[in-house]
Amino acid sequence: MLKNVSVIAFMVSIRLFLAALFLYLIDLFVQPMRIGIINIGNVGGTVTCGILLVITVLFGSFMKLVRFLWKSGGGRVFLIITAVMTVLFIIYASVISIFMYRASRDRPRDGNTTLVILGCKVRNGFPSEMLRLRLDAAYDFLIENPDTPVVVSGGQGSDEIISEAQCMKEYLVKRGISEDRIYMEDKSASTEENLKFSKELIEKEGLCRDITIVTDGYHQFRAEILSGRIGMKAYNISSDTQDWLLPTYWVREWFGIVYSCVLRR
């Protein structure tokens, strides 16, 4: 009897822990939505964690539903397909996450490189927090390597009063980086265009073709793949990502890699 009580108490503790975990993750995914950041990362994360939360809380009812579906041929096929797809997605997400983490730490060996800072949101002519963190990471490297040139890459969105490239240049110049070291690429509207147009500028100006991409860590693996596709060797300097934004953008990147690096080949 005591053994059964202990097992029940253990299972209840596990379910409470999982429920609390899923609630915490839902809150993390929802936080960016409150300021208008809505994408497949936080929508998919919120829905998935919501489903897992319901299954955890109503586990008994969930198992009854599974047993009911298993009794019919169509229901059995549905359960098998769902299980296989779930396992494959977990494997994909895990493997991609490992590659994303490794790429985020692939720093250049020395200053014999050209920095390429990928653009991000500009608000009222000033860098957003995410863009500022990228610029600060680049700034530290540029101070340590005074001969390294930098390409600031990013066009002007419909809700931006200046281009991302112009905003980045102004920020670096204000912090003491010489204008002579800064090259502007202000036409791009995507990561692919960031790298393609930056390559054209680098070749035009005769800069070092071994580039170092400055962006958030979660973004480095996709940028590295795309730079390799256009024939450029890329190292990486990763900026910090705010904790409350990281889950949203990390999950979004799983889908972004499939879209831009596989479906658009």
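What follows is an informal walk through the fold, from the whole chain down to a few residues.

This is a predicted model, with local features needing pLDDT of at least 70, side-chain atom pairs counting only at pLDDT 80 or more, and totals for chains, interfaces and linings using all residues. Residues are numbered from 1 along each chain as its sequence is written, and side-chain values use heavy atoms, with hydrogens and water left out.

**The whole chain**

The protein chain has 9 helices and 7 strands; these are DSSP runs numbered from the N terminus, helices being H or I of at least four residues and strands E of at least two. Its C-alpha trace spans about 80 × 40 × 35 Å along the principal axes. The radius of gyration is 23 Å, against near 18 Å for a compact globule of 265 residues; that is taken over C-alpha atoms, and the globule rule is 2.2 Å times the number of residues to the power 0.38. Of the 265 residues, 42% count as buried, meaning under 20% relative accessible area, with exposed over 50% and partly exposed in between (1.4 Å probe, protein chains only).

**The core**

The largest nonpolar core has 55 residues, and L115, I117, L172 and I211 have the most contacts inside it. Helix 5 (residues 129–144) gives the largest share of this core, 8 residues. Such a core is a set of buried Ala, Val, Leu, Ile, Met, Phe, Trp, Tyr and Cys residues joined through side-chain atoms within 4.5 Å. Leaving aside neighbours within four places in sequence, L115 is in contact (heavy atoms within 4.5 Å) with residues including A138, F141, L142, V151 and I237.

**Two loop residues**

Y218 and N124 both sit in loops, and here is how they look.

| Residue | Loop | Relative accessible area |
|---|---|---|
| Y218 | between strand 6 (211–216) and helix 8 | 2%, buried |
| N124 | between strand 2 (122–123) and strand 3 (126–127) | 67%, exposed |

Which residues does Y218 contact, leaving aside its neighbours within four places in sequence? They are M100, M130, R134, T241, L246, Y249, W250 and E253. M100 is 118 residues from Y218 in sequence, yet the two are 6.0 Å apart in space, C-alpha to C-alpha.

As for N124, its phi is near 55 degrees, a positive value in a residue other than glycine.

**Around helix 8**

Helix 8 (residues 220–229) has Q220, F221, R222, A223, L226 and S227 as its buried residues. Just after helix 8, G231 takes a positive phi of about 80 degrees.
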